[in-house]
Amino acid sequence: MIPLVDTYGRLHDNLRISVTDRCNIRCFYCMPETGVKFQPRDEILSFEEIERFVRIAVTLGVRKLRITGGEPLVRKDLAKLIAKLSAIEGIEDLALTTNGVLLAEHARDLYDAGLRRINVHLDTLDRERFKQITRRDDLAKVLEGIDVAQAMGYGPVKINAVAVKNLVEADIVPLARYGRERGIEIRYIEFMPLDSQGLWERERVLLADQMIEMIQREIGPLEEIPDRDPRAPATEYRFADGIGRVGFIASVSRPFCLNCNRIRLTSDGKLRYCLFAIEETDVKSILRGGSDDDVRAAVRASVHAKWIGHEINSTQFVPPPRPMYSIGG
Ligand code: SAM
Ligand code: SF4
């Protein structure tokens with residue numbers, strides 16, 4: 001097997017699969033409040049098509065999977081897909097990213113299907129700000145979902161917090177404390193230009209260094225953890241007192257494109273070599289009419305075409321034609 005190496009020598013073994021573009025909340029930096037046009041059902045890959053794609057991807061060296069969305073837990077019978085994927089030989093790591101609203105309800109089925117790793121997206125512990133960000137009043141459900149998942153033995157549970165300037169400054173430290181109390185790593189994600197309404201501005205990005213400064217000032221010193229996997233996007237720190245850790249996904253201030261090992265499959269079967277890619281490969285039509293070799297060739301061609309990195313920090317930057325909810329984060 002020849003691995004998926006691009007023209008810059010990066011090995012791709014990490015596949016993120018979006019299982020739906022629908023969502024039960026409306027984070028302003030991802031989805032508009034109303035009028036979203038979702039993909040019709042027959043445009044969305046079936047579980048059988050996703051499973052086939054993953055089996056083919058494994059023959060190309062893919063070892064890690066993350067299920068995302070939209071909100072993956074709104075996809076009916078998701079546990080059935082998890083069971084299929086966790087049984088595939090060659091998959092060494094299977095994880096899910098969720099907004100947590102339906103987690104308490106589904107944690108048991110997903111665990112029984114073989115899922116162990118969960119990232120819950122939560123930007124604030126303040127009910128009013130949660131409503132302001134998500135346009136829904138579901139904070140209590142998310143917190144309950146996290147408690148249920150931890151009690152059930154999921155591990156590690158991590159939290160993804162999107163950091164938007166002039167909005168979440170007051171949430172950075174309380175989230176870090178919450179994580180320290182529960183043994184949960186909080187991963188702060190710099191706001192990226194992936195919203196559907198063009199709201200992103202550089203001035204609205206709360207930078208990793210600013211957050212590190214706030215946390216150190218209020219809680220105590222942080223020590224950088226030497227990267228266990230240099231290809232992981234988060235820079236991780238532990239508290240010097242030994243209690244807890246935090247991570248920063250600093251796509252804007254510290255781009256990690258040179259270490260990128262990811263490819264992405266959208267819910268409507270488009271393969272993307274980058275979150276910010278403009279072009280994409282239609283693998284759905286190949287899955288519906290072609291052979292496994294045809295799919296393999298399409299994946300190789302997509303990786304071969306991969307650019308060196310996004311250009312958020314350049315005046316040339318063109319936002320991708322799809323917003324975050326339809327790519328998968
Ligand atoms: N609905 C799930 C969730 O919210 O976790 C999975 C899909 S969501 C698109 C994946 C991740 O994208 C979220 O965890 C959120 O942290 C991140 N995200 C969404 N919009 C973003 C933006 N404009 N900038 C940075 N991160 C964003
Ligand atoms: Fe939904 Fe996740 Fe987008 Fe928020 S970030 S609107 S939870 S898909």
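Two strands count as paired when DSSP finds at least two bridges between them. With that in hand, welcome to this structure, which is a predicted model. Strand S11 (residues 270-272) and S12 are joined by two bridges and run antiparallel. This briefing begins with the sheet those strands belong to, then turns to one arginine and to the two ligands.

**The sheet**
- Twelve strands form an open sheet with mixed pairing, in the order S7-S8-S9-S6-S5-S4-S3-S2-S1-S10-S11-S12.
- At its edges are strand S7 (222-224) and strand S12 (281-282), each of which pairs on one side only.
- If you would like to find a bridge between S11 and S12 for yourself, look at Lys 270, whose bridge partner in S12 is Asp 282.

**Arg 187, a residue in the sheet**
- Arg 187 sits in strand S6.
- Arg 187 counts as buried because its relative accessibility is 11%, and the cut-off for buried is under 20%.
- The side chain of Arg 187 makes a polar contact with the side chain of Glu 236, at 3.2 Å.
- Leaving aside residues up to four places away in sequence, Arg 187 touches Asn 119, Lys 158, Ile 159, Asn 160, Ala 161, Ala 234, Glu 236, Gly 247 and Ile 249.

**The surroundings of ligand 1**
- There are 18 residues around ligand 1, and those that come nearest are Tyr 29, Gly 70, Thr 97, His 121 and Met 192.
- Sorted by class, the shell around ligand 1 holds seven nonpolar, nine polar and two charged residues.
- The sheet takes part here too: strand S3 (93-98), strand S5 (157-163) and strand S6 (185-190) each supply at least two residues of this shell.

**Polar atoms beside ligand 1**
- Glu 71 has a polar side-chain atom 3.1 Å from a nitrogen atom of ligand 1.
- Asn 160, one of the residues that Arg 187 touches, has a polar side-chain atom 3.3 Å from an oxygen atom of ligand 1.
- Met 192 takes part through its backbone, with an N or O atom 2.9 Å from a nitrogen atom of ligand 1.
- On its own, ligand 1 has 540 Å² of accessible area, and the protein covers 96% of that.

**The surroundings of ligand 2**
- Around ligand 2 you will find Cys 23, Ile 25, Cys 27, Cys 30, Gly 70, Asn 99 and His 121.
- The shell around ligand 2 has four nonpolar and three polar residues, and no charged residues.
- Gly 70 and His 121 are worth a second look: they are listed around ligand 2 and also among the residues that come nearest to ligand 1.

Definitions and conventions:
Residues numbered from 1 in each chain as written. Chains lettered and ligands numbered in written order. Predicted model: local features only at pLDDT ≥ 70, side-chain atom pairs only at ≥ 80, totals over all residues. Heavy atoms only, no water. Near = heavy atom within 4 Å. Polar contact = N/O pair within 3.5 Å; in protein donor to acceptor, adjacent residues only side chain to side chain. Areas by Shrake-Rupley, 256 points an atom, 1.4 Å probe, with all protein chains shown as cover. Helix = DSSP H or I, 4+ residues; strand = E, 2+ residues; numbered from the N terminus. Nonpolar A, V, L, I, M, F, W, Y, C, P; charged D, E, K, R; others polar. Buried < 20%, exposed > 50% of the residue type's maximum accessible area, 1.4 Å probe, protein only. Contact = heavy atoms within 4.5 Å.
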